[in-house]
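Subject: A structure for you to look at

Hi there,

Here is the structure I promised to pass on. Please open it next to this email and follow along as you read.

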Amino acid sequence: MPVRTIRPLHGHALSYLLADPHGREAALVDPQSRDLPLIHALLGEHRLSLRWVLRTHAHDAQPPAELAALHGLGVPVVQGGDAAQVRAPDDGGRLPLGRGIIRVLRTPGHTPDGLSFVWGDRLFCGCLLDVGGCAWQRWPADPALLWDSVTGKLFTLPDDTLIYPGQYRRRCSVSTVHDQRRWHAYFARCSRDAYLARLAAHAGPDHPHPHRPGPLPTPRC
Ligand SMILES: [Zn+2]
């Protein structure tokens, strides 16, 4: 069980349990407090020792008690930004897990302080990039940074890197860097300027956040 996907009964958010096969150490990516009973059960069933809570990003709308509940797991919480009692690693930071290493990438765009995590040939990027058919990005904090993070960080990883996103869309939730670089509905075969123009076309004065593009229509592919 190197990676266990924790799927919600409702909604689209995904979280992951990473288990080092040798050291019996584990890390959680984007866990949600409502899943804590399941998380404790999985850790106990597989006799895993939790080492890290890794959060790709957090939103303002998140209940304040959420972070406190995750601290209750008793391990460091890794997250971008300057929230109290979280560890904010530098770009390229390395977090040990068993006999392996989790590498931290600073990937702003969806949120200003977004992080991604690379563990072997697996990438965990939260909501920075949706995969599965016609992916789209909703409410990016900064479309230009989003483009730079996706094309300059994610798409420069080896082709076979598996992408585990933070959202479940349609029937597919895991892809590869190769496939997304080649087929992504917004980032493939597109220039930075064209991408930004496309998002700007969806922004408007009536939008609750006029400086941000609104939800993008899902293109057919
Ligand atoms: Zn998000």
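The secondary structure of the protein comes to five helices and 11 strands. Helices (H or I, at least four residues) and strands (E, at least two) are DSSP runs, numbered from the N terminus. Please keep in mind that this is a predicted model: local features need pLDDT of at least 70, side-chain atom pairs count only at pLDDT 80 or more, and totals for chains, interfaces and linings use all residues. Residues are numbered from 1 along each chain as its sequence is written.

How much of the protein is buried? Of its 221 residues, 33% are. A residue is called buried if 20 or more other C-beta atoms lie within 10 Å of its own, exposed if 12 or fewer, and partly exposed in between, with the C-beta atoms placed from the backbone. Contacts tell you about the fold as well: among those between residues at least 6 apart in sequence, 56% join residues at least 24 apart. Two residues are in contact if their C-beta atoms, again placed from the backbone, lie within 7 Å.

**The strands at the start**

A good place to begin is strand β2 (residues 15–19), where five of five residues are buried. S15, L17 and A19 point one way from β2, while Y16 and L18 point the other way. Two strands pair if DSSP finds at least two bridges between them. Strand β1 (residues 3–6) pairs with β2 in the antiparallel sense over four bridges, and T5 stands opposite Y16 there.

β2 also pairs with strand β3 (residues 25–29), again antiparallel and over four bridges. Here A19 stands opposite A26, and the bridge partner of Y16 is V29. Together β2 and β3 form a hairpin with five residues between them, and R24 in the turn has a positive phi of about 60 degrees.

Why is β3 described as largely enclosed by the rest of the structure? Because four of its five residues are buried. β3 is joined to strand β4 (residues 49–54) by five bridges, and these two strands run parallel. In β4, V53 is the bridge partner of L28.

**Between β3 and β4**

After β3, look for D30, which is found in the loop between β3 and α1. D30 has a positive phi of about 55 degrees, although it is not a glycine. It counts as buried because it has 23 C-beta neighbours inside 10 Å. Helix α1 (residues 36–45) is hardly covered, with one buried residue among its 10. R47 follows α1, and its phi is positive too, near 50 degrees.

**The six-stranded sheet**

In what order do the six strands of the open sheet lie? The order is β6-β7-β8-β9-β10-β11, with mixed pairing. The edge strands, β6 (94–97) and β11 (175–176), each pair on one side only. β6 and strand β7 (residues 100–106) run antiparallel and are joined by four bridges. One pair to find is R94 with its bridge partner in β7, R103.

**Two packed helices**

Two packed helices are described by the angle between their axes and the distance between the axes. Helix α3 (residues 143–152) and helix α5 (residues 192–200) pack at an angle of about 140 degrees, with their axes 10 Å apart. The axes are lines fitted to C-alpha atoms, for helices over the stretch in contact, and angles run from 0 to 180 degrees between N-to-C directions. α3 and α5 are therefore oblique to each other; angles under 35 degrees count as roughly parallel, over 145 as roughly antiparallel, 65 to 115 as roughly perpendicular and the rest as oblique.

Which residues meet? P143, A144 and W147 in α3 meet R192, Y195, L196 and L199 in α5. These contact residues divide into six nonpolar, no polar and one charged. Ala, Val, Leu, Ile, Met, Phe, Trp, Tyr, Cys and Pro count as nonpolar, Asp, Glu, Lys and Arg as charged, and the others, Gly among them, as polar.

**Two arginines to finish**

R189 sits in the loop between α4 (177–183) and α5. Its phi is positive, about 50 degrees, although R189 is not a glycine. R189 is exposed, with 9 other C-beta atoms within 10 Å. R198 is found in helix α5 and counts as partly exposed because it has 15 C-beta neighbours inside 10 Å. R198 and Y186 are 12 residues apart in sequence and 9.0 Å apart in space, C-alpha to C-alpha.

Happy exploring!
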